[in-house]
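Me: I should like to learn how the terms used for a structure follow from its numbers. Please set each value against its definition and then conclude.

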Amino acid sequence: MDVAVMLGLALIAVGAGLLGSLLGLGGGVIIIPVLTLVFGIPMQEAIGASLIAVIATSTGAASYYVDQGLSNIRLAMVLEVATTIGSVIGALIAVYTNQYILAALFGLLLLYSSFYMLRRPESVCLSPTGPCGPFDLSCTYDDEATQKKVEYGVKNLGRGMLASTVAGGTSGLLGVGGGIIKVPVMNLWMGVPMRAACATSNFMIGVTALAGAIVYYQFGQIDPVLAGVVAVGAFIGAAIGTRTSHRFEGDKLKRIFGVVMIVIAALMFLKSFGVIQ
Amino acid sequence: MSSNKPPLNRNIRFVLQAGMLSSLALLVAGLVWYALAPSGTDFTLGLSEAINAILSGDPVGLICLGLMLLIATPLLRIIVALGTFLQMREWKFVAVSVAVLLVIATAVLIKG
């Protein structure tokens, strides 16, 4: 790999890490299409590199969000039981699956993601604090925008666990963080405020991707130079994103990103049918 | 300022930052070395193979060390959370942390 390609890949990974840290995602929805469509890298290799970038985005963003008290660590750890199981199963399916089928599945994921970005309203109804099933997952954080302390409880843990298994499966199968499923589930079903849902998702995706990344590493499907370049880019992007998040208009960003993803989904479908390489 | 944070947040933040900075340093050093002296190795190496590669002048060994450290960071974060929950006698969350570790151990045992 020559230096110009390395720098180009690193720049794209900076963008992925930036958006990922702002929206609670891992950035895989950007990295995988670019690697496969622009650089012609096989799907499995792109997924392996993306899982590494997801861990980098999560590590970079979560260290800041944990310090700010925005990540609900206890909720994250409970949901991680489900996401890691899903991730291992997804990764095992992926290493034996044809890359054109993976491209088509990725296209479907992007269509769902764009629907979520363009349509889903944020739930602002906070759950009352107190136990949720066997656990008390209530949490508080200081909201910078309103200068107020936000206190919330968590509800519907069973549904959240089920959805987290699906999110984990998507992560292992398609090399994304699964935040695109976890963030709306936490916000709309479990009553977690949007900022806390994004920060908790960022915290979780590292462990979710870890389970899948280990399987890919063992199967020799990670190109070290490619993965190293995207990891460094994602670290830088996440560091910028977490420290400048208050300057971005979340809703506007989501709408632009939603439209871009529809275009990328179309390209992934063309690839899955062999129209483009 | 961080000393006012709850111990769980403080410990986890420390592990994540240490993992991020050390893996970033190894990756950047390895990639700069690779840019100056490219290598033909295009597959991941285990720990002892990576160290041998570094000693024989292959930059991919250093990149693989950085990747292994990066992958290990979320794992270390779970172990630190487990230790903190044990210290705080939050037994339900001790059980949750052990369950996550068991799933990851299963992933490690799966060989290609």
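Reply: Two residues are in contact if their C-beta atoms, placed from the backbone, lie within 7 Å. In chain A, of the contacts with a separation of 6 or more, 81% join residues 24 or more positions apart. The model is predicted: local features need pLDDT of at least 70, side-chain atom pairs count only at pLDDT 80 or more, and totals for chains, interfaces and linings use all residues. Residues are numbered from 1 along each chain as its sequence is written, while chains are lettered from A and ligands numbered from 1 in the order in which they are written.

Me: What makes up the secondary structure of chain A?

Reply: Chain A has ten helices and four strands. Helices (H or I, at least four residues) and strands (E, at least two) are DSSP runs, numbered from the N terminus. The order from the N terminus on is α-α-α-α-α-β-β-β-β-α-α-α-α-α.

Me: Why is Gln44(A) called buried?

Reply: A residue is buried if 20 or more other C-beta atoms lie within 10 Å of its own, exposed if 12 or fewer, and partly exposed in between. Gln44(A) has 20 other C-beta atoms within 10 Å, so it counts as buried. Gln44(A) belongs to helix H3 of chain A. Apart from neighbours within four places in sequence, Gln44(A) is in contact with Ala94(A), Val95(A), Gln99(A) and Gln221(A). Its C-alpha atom is 8.5 Å from that of Leu174(A), although the two are 130 residues apart in sequence.

Me: How do you know whether Thr200(A) is buried or exposed?

Reply: Thr200(A) has 28 other C-beta atoms within 10 Å and is therefore buried. Thr200(A) is placed in helix H8 of chain A. Beyond its neighbours within four places in sequence, its contacts are Ser71(A), Asn72(A), Leu75(A), Ala76(A), Met186(A) and Val192(A). The C-alpha atoms of Thr200(A) and Gly69(A) are separated by 9.9 Å, with their positions 131 residues apart along the chain. For chain A as a whole, 61% of the 277 residues are buried.

Me: Why is H3(A) described as largely enclosed by the rest of the structure?

Reply: The description follows because 25 of the 26 residues of H3(A) are buried.

Me: How do you know that the length of H3(A) agrees with its number of residues?

Reply: The expected span of a helix is 1.5 Å times one less than its number of residues. For the 26 residues of H3(A) the expected span is 38 Å, and the end C-alpha atoms are 36 Å apart, so the two agree. H3(A) nevertheless bends by about 30° at Ala62(A); such a bend is the angle between axes fitted to the seven residues ending there and the seven starting there. After H3(A) comes Gly69(A), with a positive phi near 75°.

Me: What do the corresponding values show for H3(B)?

Reply: H3(B) has 29 residues and should span 42 Å; its end C-alpha atoms are 41 Å apart, which agrees. A kink of about 35° lies at Thr73(B), shortly before Pro74(B).

Me: Why is H1(B) called roughly antiparallel to H3(B)?

Reply: The axes of H1 (residues 7-36) and H3 (residues 59-87) of chain B come within 7 Å and cross at roughly 175°. Angles under 35 degrees count as roughly parallel, over 145 as roughly antiparallel, 65 to 115 as roughly perpendicular and the rest as oblique. H1(B) is therefore roughly antiparallel to H3(B). The residues of this contact comprise 22 nonpolar, eight polar and one charged, where Ala, Val, Leu, Ile, Met, Phe, Trp, Tyr, Cys and Pro count as nonpolar, Asp, Glu, Lys and Arg as charged, and the others, Gly among them, as polar.

Me: What makes up the side of chain A that touches chain B?

Reply: In total, 45 residues of chain A are in contact with 46 residues of chain B. Helices H1, H3, H4, H8 and H9 of chain A each give two or more residues to this side. H4(A) supplies the largest share, ten residues. By type, the residues of this side of chain A are 32 nonpolar, nine polar and four charged.

Me: Why are Asn156(A) and Arg89(B) placed in their exposure classes?

Reply: Asn156(A) has 18 C-beta neighbours inside 10 Å and so counts as partly exposed. Arg89(B) has 8 other C-beta atoms within 10 Å and is therefore exposed. Asn156(A) lies in the loop between strand S4 and helix H6 of chain A, and Arg89(B) in the loop between H3 and H4 of chain B.

Me: What is the phi of Asn156(A), and what is that of Arg89(B)?

Reply: Most residues other than glycine have a negative phi. Asn156(A), a residue other than glycine, has a positive phi near 50°, and Arg89(B), also not glycine, has a positive phi near 55°.

Terms used: Axes fitted to C-alpha atoms, helices over the stretch in contact; angles between N-to-C directions.
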